[in-house]
Amino acid sequence: TAQLVPLKPSPFNAESAIPILDAAVTPAPSFYVRSNFAVPDVDPAAFRLRVEGAVTTPLELSLDELKALGPRTIATVMECAGNNRLQLAPLPSGEPWHAGAVSAGEWTGVPLRPVLERAGLKSNVIEVLFEGTDHGKPKDGPGDIPFARSLPLEKALHEDTLLVYALNGEPLPRDHGAPLRALVPQWYGMASVKWLNRIEAITEPFTGYYQKNRYVYAPAGGAAPTPV
């Protein structure tokens with residue numbers, strides 16, 4: 001039985017019930033859900049991941065072509081950067097999470113590094129941008145935008161940074177990014193972009209809404225925010 005505590009019906013956001021977190025691996029139906037926009041409906045058979053930007057060989061890869069690169073499975077915890085927000089004072093803006101915006105999963109996918117190596121990164125690449133199929137207009141943001149985040153090149157090339165297509169041995173559920181999402185262990189969940197459809201090698205720091213305006217540390221005293 002799924003043990004989720006709903007926070008918002010649309011887009012659906014829900015946290016895991018605390019008792020379920022005693023398990024070493026959180027069952028997929030009880031895994032916390034965080035979405036900024038409506039869940040897109042992506043046909044796995046027609047899916048193509050674009051890898052472009054500052055590369056020598058732009059790629060379009062099907063799910064089967066990605067899987068042919070060889071699977072890697074990692075057991076890791078994923079946590080929303082806003083977990084336990086209701087315990088903070090003063091209360092920051094964002095979803096009203098208690099302590100259940102965290103879950104543990106066994107993720108299967110392919111390392112990002114060989115994909116980037118196949119595309120051929122140019123020498124001036126400093127970050128890798130991940131863009132999801134989900135999109136919309138943030139209430140205080142620009143017009144219709146996709147959810148997008150970047151990683152420093154070093155983290156993007158880490159052997160544990162994966163392009164994931166399965167959770168707990170089963171195909172990735174829709175709420176969790178099917179058919180493909182990023183997995184970035186040791187970073188909060190916002191870095192593990194869901195419904196991934198485009199990766200771009202970039203030569204300047206990414207300054208998109210979800211990198212510069214959200215998921216940031218905003219120090220007191222007026223210093224510039226820094227990405228979480």
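Two residues are in contact when heavy atoms of theirs lie within 4.5 Å. In this predicted model, that criterion places F147 in contact with N36, F37, F130, E131, G132, D134, M190, V193, Y210 and Y215, leaving aside residues up to four places away in sequence. F147 belongs to strand β8, which spans residues 145-152. Its relative accessibility is 7%, and F147 therefore counts as buried, the cut-off for that class being under 20%. One of its partners, F130, is 17 residues away in sequence, and the two C-alpha atoms are 8.5 Å apart.

The overall fold gives this residue its setting. The protein contains four helices and 14 strands. Its radius of gyration is 17 Å, which agrees with the value near 17 Å that a compact globule of 228 residues would have. Along the principal axes, the C-alpha atoms occupy a box of roughly 50 × 45 × 30 Å. Of the 228 residues, 47% are buried. Among contacts with a separation of 6 or more, 68% join residues that are 24 or more positions apart.

The surface can be described in similar terms. About 11,100 Å² of the protein is exposed, and carbon and sulfur atoms supply 53% of that area. The protein has 20 positive and 24 negative charges, and the mean positions of the two sets are 4 Å apart.

Strand β12 offers two further residues for inspection. I199 is located in this strand, and its relative accessibility of 0% means that I199 counts as buried. Beyond four places in sequence, I199 touches L49, R50, V51, E52, L112, L116, V128, L129, F130 and L163. E52, one of these partners, is 147 residues from I199 along the chain, yet their C-alpha atoms are separated by 6.4 Å. F130 thus appears among the contacts of I199 and also among those of F147.

N197 is likewise part of strand β12. At 19% relative accessibility, N197 counts as buried, because the class takes in values under 20%. With neighbours within four places set aside, N197 is in contact with F47, R48, L49, R50, E131, G132 and T133. L49 and R50 are also partners of I199, while E131 and G132 are also partners of F147.

The loop that precedes this strand deserves separate attention. V184 lies between β11 (181-183) and β12 (196-202). Although it sits in a loop, V184 has a relative accessibility of 2% and so counts as buried. Its contacts, again without residues up to four places away, are L151, K155, T161, A191 and S192. T76 is 108 residues from V184 along the chain, with 9.5 Å between the C-alpha atoms. Q186 occupies the loop between β11 and β12 as well, but its relative accessibility is 76%, so Q186 counts as exposed. The backbone of Q186 has a positive phi of about 75°, although the residue is not a glycine.

Helix α4, covering residues 209-212, contains Q211. This glutamine has a relative accessibility of 7% and therefore counts as buried. Its side chain makes a polar contact of 3.4 Å with the side chain of R149, and reaches the backbone nitrogen of S150 at 2.9 Å. Outside the four-place window, Q211 touches R149, S150, F206, V216 and P227.

Some backbone features complete the description. The peptide bond between S10 and P11 is cis, with omega about -10°; P11 is placed in the loop between β1 (4-9) and β2 (12-16). A cis peptide bond also leads from A178 to P179, where omega is near 10°, and P179 lies in the loop between β10 (170-171) and β11. N84 shows a positive phi near 70° in a residue other than glycine. N84 is situated in the loop between β5 (72-79) and β6 (102-111), and its relative accessible area of 32% means that N84 is partly exposed.

Technical notes: Residues are numbered from 1 along each chain as its sequence is written. This is a predicted model: local features need pLDDT of at least 70, side-chain atom pairs count only at pLDDT 80 or more; totals for chains, interfaces and linings use all residues. Side-chain values use heavy atoms; hydrogens and water are left out. Helices (H or I, at least four residues) and strands (E, at least two) are DSSP runs, numbered from the N terminus. The radius of gyration is taken over C-alpha atoms; the globule rule is 2.2 Å times the number of residues to the power 0.38. Buried means under 20% relative accessible area, exposed over 50%, partly exposed in between (1.4 Å probe, protein chains only). Accessible areas come from the Shrake-Rupley method with a 1.4 Å probe; for residues, only the protein chains shown count as cover. Lys and Arg count as positive and Asp and Glu as negative; His and the chain ends are not counted. The place of a charge is taken as NZ of Lys, CZ of Arg, CG of Asp or CD of Glu. A polar contact is a pair of N or O atoms within 3.5 Å; within protein, one must be able to donate a hydrogen and the other to accept it, and residues adjacent in sequence count only if both atoms are side-chain atoms.
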